[in-house]
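Subject: Structure for your review

Dear colleague,

Please find below the structure that I should like to hand over to you. I would be grateful if you could read the notes after it with the coordinates open.

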Amino acid sequence: MRSVDTTSLRITDLWTFRSLKSNKRYIVEVEGFENKFYGIKFYWKGVEKSIDRYSLLTHDYEPRTIVRSCVEIMLNYYRKNPLVSFGFVASPDLEKDIKGKHLNPRKGSRRFRFYRRMMINLFGPETFSQLSDTENRIYLMVNNRQLSTGLISIRELEKRLNQLYEGDFNISE
């Protein structure tokens, strides 16, 4: 399924998959932006109406399988166009899930640290420059061919993120 947001030149594709372990259905939203940049979001279908749907934990203890399914979707876009780049914002930890632990926002949320570790292990530096804003939990995988040809720049990405999400993001290598 595809929807178009004409105010930001954003196109959203919806993908679904079912976990073999828990049999839960997951929804993956792939937001396409100009310059072949895709933002990846996912949540369990059982919480799709919740405003916290990206933060809620399923307690099924299968994050690698779920993230790996999202990576397969990313690879589908990459196979169609080897110049694409990807990004995601790791949802914040909900207070009830951290149970009073004092976490340092400069290290990112638990999700952010997990996603970063997965992406570094799955994708080498040859294809993507992996950049992040840890405090805001943003992780980007910028295609090196896009960077080398000038189709995209890190400063341009940072500027677009700040415009779209009205934030103060600082992307670093």
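The notes below set out what was found, beginning with the strands and ending with individual residues.

Please bear in mind throughout that this is a predicted model.

Strand β5 and its neighbours

A convenient place to begin is strand β5, which spans residues 85-89. Four of its five residues are buried, so the strand is mostly covered, buried here meaning under 20% relative accessible area. β5 is paired with strand β4 (residues 37-44) in the parallel sense, and three bridges join the two. Between β4 and β5 the chain passes through helix α1 (residues 63-80), and the resulting β-α-β crossover is right-handed. β5 also pairs with strand β7 (residues 138-143); this pairing is antiparallel and has four bridges.

Gly87 of β5 is a useful landmark for both pairings. In β4, the residue opposite Gly87 is Gly39. In β7, Leu140 takes the position opposite Gly87.

The largest nonpolar core

Which residues have the most contacts inside the largest nonpolar core? They are Met74, Phe86, Met119 and Met141, in a core of 26 residues. Two or more residues of this core come from each of β3, β4, α1, β5, α3 and β7. The greatest contribution is that of α1, which supplies seven residues.

The largest pocket

The largest pocket holds about 1,300 Å³ of space. Its lining consists of 50 residues, and those nearest the centre are Phe42, Ala90, Ser91, Arg111 and Tyr115. The elements that each give two or more residues to this lining are β3 (25-33), β4, α1, β5, α3 (110-122), β7 and α5 (154-165). Here β4 gives the most, with seven residues. By residue class, the lining of the largest pocket comprises 31 nonpolar, seven polar and twelve charged residues.

Residues with a positive phi

Two residues that are not glycines deserve a check of the backbone. Tyr61 has a positive phi of about 55 degrees and is found in the loop between β4 and α1. Is Tyr61 buried or exposed? Its relative accessibility is 67%, and because the cut-off for exposed is over 50%, Tyr61 counts as exposed. Arg137 likewise is not a glycine and has a positive phi, in this case of about 65 degrees. Arg137 is found in the loop between β6 (128-133) and β7.

Two pairs of positions

Lys159 lies in helix α5. With a relative accessibility of 53%, over the 50% cut-off, Lys159 therefore counts as exposed. Lys159 and Ile171 are separated by twelve residues in sequence, and their C-alpha atoms are 9.9 Å apart.

Thr16 belongs to strand β2 (residues 10-18). Its relative accessibility is 44%, which lies between the cut-offs of 20% and 50%, so Thr16 counts as partly exposed. In sequence Thr16 and Ile73 are 57 residues apart, while from C-alpha to C-alpha the distance is 9.8 Å.

To recapitulate, β5 pairs with β4 in the parallel sense and with β7 in the antiparallel sense. α1 forms the link in the right-handed crossover from β4 to β5 and gives the most residues to the largest nonpolar core. β4, for its part, gives the most to the lining of the largest pocket.

With kind regards

Definitions and conventions
Residues numbered from 1 in each chain as written. Predicted model: local features only at pLDDT ≥ 70, side-chain atom pairs only at ≥ 80, totals over all residues. Heavy atoms only, no water. Buried < 20%, exposed > 50% of the residue type's maximum accessible area, 1.4 Å probe, protein only. Pairing = 2+ DSSP bridges. Right-handed = clockwise from strand over helix to strand, strands pointing away. 1 Å grid on protein atoms, 1.4 Å probe; cavity = no way out; pocket = protein on both sides within 12 Å on 5 of 7 lines; lining within 4 Å. Points joined across faces, edges and corners; volume = space filled by probe spheres on them. Nonpolar A, V, L, I, M, F, W, Y, C, P; charged D, E, K, R; others polar. Core = buried A, V, L, I, M, F, W, Y, C linked by side-chain atoms within 4.5 Å.
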